[in-house]
Amino acid sequence: MNGLISGSPSQQAVRMALGGFLLLVVQSLLLLLAAAPGSDERQLIWVLTPLAVAALALSLIGFPDPPAHHWRRRHGQ
């Protein structure tokens, strides 16, 4: 998979980046709506933040493509 930095980013990378940004938007809205966030809101924010950062980092870098021999070995080609 090509990352967002490459010349032709893959569709998966773009989707992952958008998903990460949507998580950040939801987190920001939660912070704005909560006057004094309690322990449940803080826990949700601490769960969403690493997920959003990981999605953005993986979309920028991209996943490594599986080796070609793996497909041939599994399907007898």
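**Gln 27 and the helices around it**

At 9% relative accessibility, Gln 27 counts as buried, because the cut-off for that class is under 20% relative accessible area. The model in which this value was computed is a predicted one.

Gln 27 belongs to helix H1, which runs over residues 11-33. With neighbours within four places in sequence set aside, the contacts of Gln 27 are Ile 45, Leu 48 and Thr 49. Helix H2 spans residues 39-61 and is part of what covers the buried residues of H1.

Gln 27 shares its buried status with other residues of H1, namely Ala 13, Ala 17 and Gly 20. An α-helix has 3.6 residues a turn, so residues three or four places apart point the same way. Helix H1 itself has 23 residues, and the distance from its first C-alpha to its last is 33 Å. That reach is close to the 33 Å expected at 1.5 Å a residue.

The wider setting is the chain as a whole. The chain holds three helices and zero strands, in the order α-α-α from the N terminus on. Its length is 77 residues, of which 18% count as buried. The exposed surface of the chain comes to about 6,000 Å², and carbon and sulfur atoms supply 68% of that area.

Contacts can also be viewed by separation in sequence. Among contacts in the chain with a separation of 6 or more, 56% are between residues 24 or more positions apart.

Notes:
Residues are numbered from 1 along each chain as its sequence is written. This is a predicted model: local features need pLDDT of at least 70, side-chain atom pairs count only at pLDDT 80 or more; totals for chains, interfaces and linings use all residues. Side-chain values use heavy atoms; hydrogens and water are left out. Helices (H or I, at least four residues) and strands (E, at least two) are DSSP runs, numbered from the N terminus. Buried means under 20% relative accessible area, exposed over 50%, partly exposed in between (1.4 Å probe, protein chains only). Contact means heavy atoms within 4.5 Å. Accessible areas come from the Shrake-Rupley method with a 1.4 Å probe; for residues, only the protein chains shown count as cover. The expected span of a helix is 1.5 Å times one less than its number of residues.
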